[in-house]
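Visitor: Can you walk me through the pockets and surface of this one? Short answers are fine.

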Amino acid sequence: MRLALFQPDIPQNTGTLLRLGACLDFELDIIEPCGFVFSEHTLKRSGMDYLKMVHYRRHNSWADFLAYREGHPDEYGRLVLLTTHASHPYYDFEFLPNDIILMGRESAGVPEDVHQKADARLLIPMNENARSINVAVSATMVIGECLRQTVWKK
C-alpha cells in the first residue's frame with residue numbers, strides 16, 4: 001500500500017503523514033508542486049526524527065507520477081482517490097495490498113483530470129453540514145482500514 005499526496009498545501013499535514021508512513025511501514029509519493037518549500041526544516045516539527053525512517057518519492061508533477069506508476073506496475077496498483085465528491089464509503093471498499101490511496105490538496109482537492117484517472121473514488125461519510133475532515137486525519141482513517149484488510153487481517 002502507498003499513500004500519494006497531490007500538491008499538499010500544509011507542511012504539518014505532510015510531516016504527520018510521513019511520520020505515519022514510518023510508523024506503519026508504508027511508502028509515500030509527494031506529487032509537486034507543494035504549497036510550501038519541501039524541506040526537512042519545514043517538516044521537522046511534525047515529522048520529528050521519523051523522517052529518516054520513512055520511504056518516500058517526490059514527483060515533479062502529476063504527469064511524472066503517472067509515468068513512474070506505469071513503469072512500476074508491481075509497486076503501484078489501483079489509484080484510490082479519497083474525495084468528498086464520491087458516493088462509495090471507504091469502509092465498504094475491498095482494498096488490495098498495492099493500492100495507492102490518493103489525497104488531494106487541503107485547499108482544493110484534485111482537478112477533474114485527476115478524478116478521471118482514479119480507479120475508485122471513496123468518501124468518509126460525515127455530517128452534511130461539515131465541509132471536510134483534515135487530510136491527515138482522513139488519510140489515517142482510510143489507511144487503517146486498508147491495513148486492516150490487507151496486512152493486519154487474521
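What follows is a chat about the open and enclosed spaces and a few surface residues.

Guide: One thing up front: this is a predicted model.

Visitor: Fine. How much space lies in the largest pocket?

Guide: The largest pocket holds about 660 Å³ of space.

Visitor: How many residues line the largest pocket, and which lie nearest its centre?

Guide: The lining has 28 residues. Nearest the centre of the largest pocket are Thr83, Thr84, Arg105, Gly109 and Ser132.

Visitor: What's the lining of the largest pocket like by class?

Guide: It has 12 nonpolar residues, 12 polar and four charged.

Visitor: And which elements supply at least two residues of that lining?

Guide: Strand E4 (79–82) and helix H5 (135–150) each do.

Visitor: Switching to enclosed space. How many cavities of 30 Å³ or more are there?

Guide: The count is one cavity. The largest cavity has a volume of about 40 Å³.

Visitor: What lines the largest cavity?

Guide: Leu5, Phe6, Pro8, Asn13, Thr14, Leu17, Met103, Gly104, Glu106 and Val135. Strand E1 (2–6) and H1 are the elements that give two or more residues to this lining.

Visitor: Which element gives the largest share?

Guide: H1, with three residues.

Visitor: And the classes for the lining of the largest cavity?

Guide: Six nonpolar, three polar and one charged.

Visitor: On to the surface. Which residues form a nonpolar patch there?

Guide: Leu24, Val151 and Trp152 do. Together they have about 290 Å² of accessible area.

Visitor: Where is Leu24 found?

Guide: Leu24 is in helix H1, which covers residues 11–24. H1 also gives three residues to the lining of the largest cavity.

Visitor: Is Leu24 buried, partly exposed or exposed, and why?

Guide: Leu24 is partly exposed, because its relative accessible area is 31%, and partly exposed runs between the 20% and 50% cut-offs. Patch residues need over 30%, so Leu24 at 31% passes that cut-off.

Visitor: Now Met126. Where is its place?

Guide: Met126 is in the loop between strand E7 (120–123) and H5. H5 also supplies at least two residues of the lining of the largest pocket.

Visitor: What does Met126 count as for exposure, and why?

Guide: Partly exposed, because its relative accessibility is 30%.

Visitor: How far apart are the C-alpha atoms of Met126 and Thr84?

Guide: They are separated by 9.5 Å. Along the chain, Met126 and Thr84 are 42 residues apart. Thr84 is one of the residues nearest the centre of the largest pocket.

Terms used
Residues are numbered from 1 along each chain as its sequence is written. This is a predicted model: local features need pLDDT of at least 70, side-chain atom pairs count only at pLDDT 80 or more; totals for chains, interfaces and linings use all residues. Side-chain values use heavy atoms; hydrogens and water are left out. Patches are made of residues with over 30% relative accessible area and no salt bridge: like charges are joined within 9 Å, nonpolar side chains (Val, Leu, Ile, Met, Phe, Trp, Tyr) within 5 Å. Accessible areas come from the Shrake-Rupley method with a 1.4 Å probe; for residues, only the protein chains shown count as cover. A salt bridge is a side-chain nitrogen of Lys or Arg within 4 Å of a carboxyl oxygen of Asp or Glu. Helices (H or I, at least four residues) and strands (E, at least two) are DSSP runs, numbered from the N terminus. Buried means under 20% relative accessible area, exposed over 50%, partly exposed in between (1.4 Å probe, protein chains only). On a 1 Å grid over the protein atoms alone, a cavity is a set of points where a 1.4 Å probe fits but cannot get out, and a pocket is an open set with protein on both sides within 12 Å along at least five of seven lines; lining residues have an atom within 4 Å of a point. Grid points are joined across faces, edges and corners, and a volume is the space filled by probe spheres set on the points. Ala, Val, Leu, Ile, Met, Phe, Trp, Tyr, Cys and Pro count as nonpolar, Asp, Glu, Lys and Arg as charged, and the others, Gly among them, as polar.
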